[in-house]
Amino acid sequence: MSDITIENKLTEMFDNWSKESVHLDSALTQVRKNAIKSFSDLGIPKLKSEAYKYTPVQRLINKNFDFSVSNQAAGWTKDACKEEFYQDDKANHLVFINGEYVSDYSEIRSTDDLEIKTIDDESFDQNAEIKNLMGKTRSIEKDAFAALNLAFFNNGLFIKVNKNKDAIDTFVYHFVDSESGQTINFPRILIIGEQGSRANIYEKTFSKGSQNVLALSILEASVAANAEVRFTKLQQFASNEYTIDGIYANQDKDSRFYTNTYSISGAVIRNNIHINIGGENSEAHMNGLYQIAGKSHVDNNTSVDHMVPNCYSNELYKGIMDENSRGVFNGKIYVRPDAQKTNAFQSNNNIVLSDTAIVNTKPQLEIWADDVKCSHGCTTGQLDEEAIFYLRARGIDKKSAKALMLNAFANETLEEVKNEQVKEEIEGIILNKLHY
Amino acid sequence: MLKINNLHASIEGKDILKGINLEIKPGEVHAIMGPNGSGKSTLASVLAGREEYEVTAGSVDYIDKDLLELAPEERAREGIFLAFQYPVEIPGVSTTNFLKTAVNQVREARGLDALDAVSFLKEMKAKMKLVDIDQALLSRALNEGFSGGEKKRNEIFQMAMLEPKLSILDETDSGLDIDALRIVADGVNKLKSDSNATIVVTHYQRLLDYIVPDFVHVLYKGKIVKSGTKELALELEEKGYDWIKEELATA
């Protein structure tokens, strides 16, 4: 068995699946066939792969997961899901169960601002936008996990924010169940922000069960002229959960795209973010916090491609690492020869609280235009002892003094989270983790 | 209130304080003067509980307590306040937020109820007047980007908020122009009472024109070599520290 590669095994599984009569003729099956071919060609990144240098995905997957075993039925009921919703009657609440969008469990409050659909054979066939955009965001073709997701995802989520609409908040909840066995999920979301629209999307996960979970998630965003999409993700997983997450965005002119990523816990989290700024006067913002302990491993790999002149990108990632955790940050800024007057900034700051935590940080600037302003900075250190003494000398105990400082450090990454409930929740989680 | 007995302290194996004796009673203002490197700031740091310093001998009694047994925050709660020579800049933490945490932890330790947002703000406004400090400054990150004068004023403002029994002003005059010096000194004077005491650590006599000491002590090579009244400070201003050194050499 050991000489059969995971790629071969998955290809074989896919072939068997696609030969079932129900899948034979669909347009989506054809797309999936191409995807499994790409996956097979790309292969799961090996240890030698520069992009996965610190996160040995191949070994992790081989060791912990068996793709030939199907997921067991998930034990989340509609009511149990609903109980976890944010208290917001005016928002959309969209439910994924083990990686599949379940419209029946979801609550859609506005059909005026947004169009929300399940991505399946039927909608793929009928909806030109899904057909034209899904799996086609620039650079996604280089991602083996995105290809694998495209081959295997079931019931994706399509969100379109209608032209000039300032849409209500949309919450996306992932309910995961690994009680009766390992679970491998392929959640997939496609967002279109039509011209002049604005959207806020929030994503979080609820899990039960203690068997291993692998989530290979993909989100694609197509942000039209003068549109704004804000995307916030809370990654608070159990120690049996492995996540490889991809966000790919194409931006048209005068648009704004934000990602806010909070990685709090889990076995391994790998976040790939790739933003293509393809229209002038656009802005891309990437904020993130990884505040981890135990053996958690969080690897943020981001890149922004400045394809055209006069755009702005800003990236702020912060890490607080305790115990035996490891934080990895790789931020790439790519400025093409034509992209003059680009302003691109990046900063990654880390505080290490234990002797055994590890940080690997690497900025990567590739600048081919000559009239640009680009900067990057990374710092890694411990808490300032003098500052702690100063706070203690005012009567604040040591633990609170540290918490006060770390909280201030972390909160800077929350500035672009607009929903107060979400912001408060994340603030609470940050604070709670500080009072260890 | 405070009784320092034969205090010896060192840092990184280097002896700095070599037998300090000093007694301070409520209502008194003591000035500690001395040339650079004499151990003035070390004394202030040891009293506030800075952990880099190792006390190798001696004792410090503070209102029936062994001060040296207490953690820095416990000392603060018991009423010790150190105005830092170099107040630390703490990004992201607003002065208001920080002070609310501090005041309430101190109040709790003193058996008082925590102040709610409204009472805290009221208290803050009253104390702001005392040191002529601006509200806008207090909503900014603690000391970040503050001028020298603003930092020192903020120290005295914190002192006003925490209502200490024993305040230690470590080179509070350094980096201050004459106007800022006067404002800071005014604040200190307004906070003075029969029940609290102040230690003013300073290199120059200038500050003592504004905060008038009851006693002046000269610290030299880790010991108090001379004590007197405020006239001693004037003498030092006029003659410098050399005559004391000479006096000691001949003795």
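## Where chain B meets chain A

Let's start with one ion pair: Glu73(B) and Arg392(A) are joined by a salt bridge, with the closest N and O atoms 2.6 Å apart. Keep in mind that this is a predicted model. Between chain B and chain A, the count of salt bridges is five, and the count of residue pairs in polar contact is twelve, with both residues at pLDDT 80 or more.

Which elements of chain B give two or more residues to the side that touches chain A? They are α2 (72–77), β6 (80–83), β7 (90–94), α3 (95–109) and α6 (148–162) of chain B. Of that side, α3(B) provides the largest share, five residues. By residue type, the side of chain B that touches chain A holds 19 nonpolar, six polar and five charged residues.

In terms of contacts, 17 residues of chain A meet 30 residues of chain B. The area buried between chain B and chain A is about 1,900 Å², with 63% of it on carbon and sulfur atoms.

## Two domains in chain A

Now for chain A itself. Its domain assignment gives domain 1, covering 6–277, and domain 2, covering 384–436. The contact between them draws on 16 residues from domain 1 of chain A and twelve residues from domain 2 of chain A. Measuring from C-alpha centre to C-alpha centre, the two domains of chain A lie 32 Å apart.

How much area do domain 1 of chain A and domain 2 of chain A bury between them? The figure is about 1,300 Å², and 56% of it is on carbon and sulfur atoms. Three residues are worth finding in the viewer: Tyr86(A), Tyr262(A) and Ile264(A) supply 39% of the area that domain 1 of chain A buries against domain 2 of chain A, more than any other three residues.

## Polar links between the domains

The interface of domain 1 of chain A and domain 2 of chain A also has two salt bridges by the rule used. Arg230(A) makes a salt bridge with Glu416(A), where the closest N and O atoms are 2.9 Å apart. Between these two domains of chain A there are eight residue pairs in polar contact, both residues being at pLDDT 80 or more.

On the side of domain 1 of chain A that touches domain 2 of chain A, at least two residues each come from β8 (198–208), β10 (228–236) and β12 (256–265) of chain A. The residues of that side are seven nonpolar, five polar and four charged.

## Rings and charges beyond the interfaces

Over all chains, the rule gives 20 aromatic pairs. Why does the pair Phe85(A) and Tyr173(A) count as stacked? The ring centres of Phe85(A) and Tyr173(A) are 4.7 Å apart and the planes are at 10°, so the pair is stacked; the cut-off for stacking is planes under 30 degrees apart. Phe85(A) sits in the loop between α4 (78–83) and β1 (92–97) of chain A, while Tyr173(A) belongs to strand β5 (residues 170–177) of chain A, so this pair ties together parts 88 residues apart in sequence.

Salt bridges come to 39 over all chains. A local example is the one between the side chains of Asp41(A) and Lys37(A), at 2.9 Å from N to O. Both Asp41(A) and Lys37(A) are in helix α2 (residues 27–42) of chain A, and they are four residues apart, about one turn of the helix.

Note on methods. Residues are numbered from 1 along each chain as its sequence is written. Chains are lettered from A and ligands numbered from 1 in the order in which they are written. This is a predicted model: local features need pLDDT of at least 70, side-chain atom pairs count only at pLDDT 80 or more; totals for chains, interfaces and linings use all residues. Side-chain values use heavy atoms; hydrogens and water are left out. Domain bounds come from an automatic or database domain assignment. Contact means heavy atoms within 4.5 Å. Buried area is the accessible area (1.4 Å probe) that two parts lose on being put together, summed over both. A salt bridge is a side-chain nitrogen of Lys or Arg within 4 Å of a carboxyl oxygen of Asp or Glu. A polar contact is a pair of N or O atoms within 3.5 Å; within protein, one must be able to donate a hydrogen and the other to accept it, and residues adjacent in sequence count only if both atoms are side-chain atoms. Ala, Val, Leu, Ile, Met, Phe, Trp, Tyr, Cys and Pro count as nonpolar, Asp, Glu, Lys and Arg as charged, and the others, Gly among them, as polar. Rings of Phe, Tyr and Trp (its six-membered ring) pair if their centres lie within 6.5 Å; planes under 30 degrees apart count as stacked, over 60 as edge-to-face and the rest as tilted.
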